[in-house]
Amino acid sequence: MAETISNRKMTEREIVSFFDDAVNYGYIYNVYQPKINHVTGRMIGAEALMRMKHPLYGLQMPSDFIPIFEKNDLVFSADLTVCENVCKFLRKCLDVGVPVVPISVNMSRYDVYNHDYVEQVESIRNEYDIPVEYLHIEITETSAIGGMELMTDVIDKFHELGYKVEMDDFGSGYSSLNILKDLNVDIIKLDMNFLSGDIGGRGGAIISSIVQMTKWLNTPVVAEGVETNEQADYMKSIGCNYIQGYLYAQPMEEEDFVEKLKILDHEPVNKSMDLIFSIESGRFWDPTSVETLLFNHMVGPACIFTYKDGKCEFVKVNEKYLKEIGMNLTAKEMLNMDLMDSLDDDGKKILTGALKSAIDSGNEVSCEVWRRVCSKICGEEKVLIRSSIRMIGRADDMYLLYALVQNITADMRKYQELYESEKKFRIASEQNNTYAWEYEISTHIMRPCFRCMRDLGLPAVIENYPDPVFESGLFPADYKDLYYDWMDQLAKGVKSLEAVIPLTADRIPFIVRYTNEFDENGRPLKAYGSATQLIDDMADK
Ligand code: C2E
Ligand code: CA
Ligand code: CA
């Protein structure tokens, strides 16, 4: 049931003189607020919040008395009272078989300055014999004011004992993403109040990027202070399903909370990102880690991006990726782009299909799409990108993918130019089933005709000719000697060559011819090759 408002705020003097009685006679007590998975409706935990009720002055709220406790060095004792109440409560539930969830208690920063907070909490937990997974500790970043070291120390101590530590009020003044990397917390509580109703604007963008990063760090996020469905849906849309707030439940007294425990299903908090490859996710953000080194230097042009609800957002791109796409883009400009937005409808269909198949199969899937890329320096340009995509992680309905890319715009432009310029030749060659190419004798570069590119999948330029056509099986290996001998003869100045060679995997017999072209000094320059299918009818059957 909702709480009543205090009848009258107590003064500092009244609070201080009331304190001992309040602790000893239960005027300081706990209320509990559930943490819920917005998608499943199940309870994932609860927070214990301190209340103080004076027999005459009525209910007092923490914002009024906690600062006074802190000022008068009473908060340590009060916090341990809350902790003991939690343990007593959990013991009762466990004894009568009421299923329980982890309950978090708030640690004041004053608790660690002069006190053995960790040891005291541990001794209370032991006294009531509560399994450590049911007691969480909430700390705030303001505790770091006493020094990061003190804070990491407390977290480490709790971790050694097996406690989960939650970072409270994340998103308030001090918070920075750096703190997340440095502090090894298990759960992050993101306060919606810092959004201040501004979901569509800057606040939304900040929240969304925080959630994005926490996924990557593999730290689950609980959104706090969620009052409206709009806020809850927004959080869900960016991949944060855990919610604590008036929308689901006000903080409630023990009797009401027990009922909630009985009627609501429970579930554990899940790691947010299930990485498929075996890498500690935090290392991905560490610029000096082996993983980062590999990503930046040992692989080709590559990017890592997330896919969720039809949207793709970049997480990481390497230098080679920026170079490959061209356009003088900075990593920051690239990270701000939405991959899907840069595609036309056909491209979207192709990429979506490839992503789905990479996700379903777990295998590498390739696709080619035209991307509209815009940069300050080069303006807008369309580039054709071939990507080999593989899924590397998943979290609920969000996927993490890795793509190796190749910019094949130049190849395609060549292909299109050839298509235009070779029109007559192409029609003629199609009429008599001829494939043609030119071979530059000094450089060993071969340039195929449009038909070769289209029918045989050859690139616009082949270097080291003829090695690649033997490797691909277009020319059968048993003709290697003959063919290399021809290359020799062409270099030595033979005028023309001709033989029947069975081509392609299907071994279709073609008449292959070469005609040499010479410079003014009679030295061989270029050879024109052609392959004409021997028996036309064979193809028709
Ligand atoms: P907190 O730890 O951030 O606790 C959450 C506060 O947000 C609670 O206020 C809770 O009642 C309130 N809240 C929950 N849902 C909503 C919502 O949808 N909208 C809004 N506007 N508020 C919501 P509460 O209980 O008044 O506590 C205020 C603060 O007092 C706490 O903030 C915490 O910093 C401190 N506090 C409470 N209990 C303890 C305690 O046992 N020990 C210490 N050291 N501090 C405590
Ligand atoms: Ca809290
Ligand atoms: Ca909070």
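Which pocket is the space taken by ligand 1? In this predicted model, select ligand 1 to begin the tour, and the space around the ligand proves to be the largest pocket, which has a volume of about 1,000 Å³.

Next, select the 35 residues that line this pocket, and pick out E47, L49, P62, N106 and D168, which are the closest to its centre. Colouring by secondary structure then shows where the lining comes from, since at least two residues each are supplied by β2 (43-54), α2 (62-71), α3 (75-96), β5 (135-140) and β6 (164-170). If the lining is coloured by residue class instead, 14 nonpolar, ten polar and eleven charged residues appear.

Now narrow the selection to the 21 residues around ligand 1, of which Q33, R51, D79, E227 and Y246 come nearest. Within this shell, β2, α2, α3 and β6 each contribute at least two residues, and β2 gives the most, with four. The shell comprises nine nonpolar, five polar and seven charged residues.

Three side chains are worth displaying one after another. At D79, a polar side-chain atom lies 2.5 Å from a nitrogen atom of ligand 1; at R51, an N or O atom of the side chain is 2.9 Å from an oxygen atom of the ligand; and at D169, the corresponding separation between a side-chain N or O atom and an oxygen atom of ligand 1 is 3.3 Å. To finish, switch to a surface representation of the protein, which covers 81% of the 780 Å² of accessible area that ligand 1 has on its own.

Methods: Residues are numbered from 1 along each chain as its sequence is written. Chains are lettered from A and ligands numbered from 1 in the order in which they are written. This is a predicted model: local features need pLDDT of at least 70, side-chain atom pairs count only at pLDDT 80 or more; totals for chains, interfaces and linings use all residues. Side-chain values use heavy atoms; hydrogens and water are left out. On a 1 Å grid over the protein atoms alone, a cavity is a set of points where a 1.4 Å probe fits but cannot get out, and a pocket is an open set with protein on both sides within 12 Å along at least five of seven lines; lining residues have an atom within 4 Å of a point. Grid points are joined across faces, edges and corners, and a volume is the space filled by probe spheres set on the points. Ala, Val, Leu, Ile, Met, Phe, Trp, Tyr, Cys and Pro count as nonpolar, Asp, Glu, Lys and Arg as charged, and the others, Gly among them, as polar. A residue is near a molecule or strand if one of its heavy atoms lies within 4 Å of it. A polar contact is a pair of N or O atoms within 3.5 Å; within protein, one must be able to donate a hydrogen and the other to accept it, and residues adjacent in sequence count only if both atoms are side-chain atoms. Accessible areas come from the Shrake-Rupley method with a 1.4 Å probe; for residues, only the protein chains shown count as cover. A molecule sits in a cavity or pocket if more than half of its atoms lie within 2 Å of its grid points.
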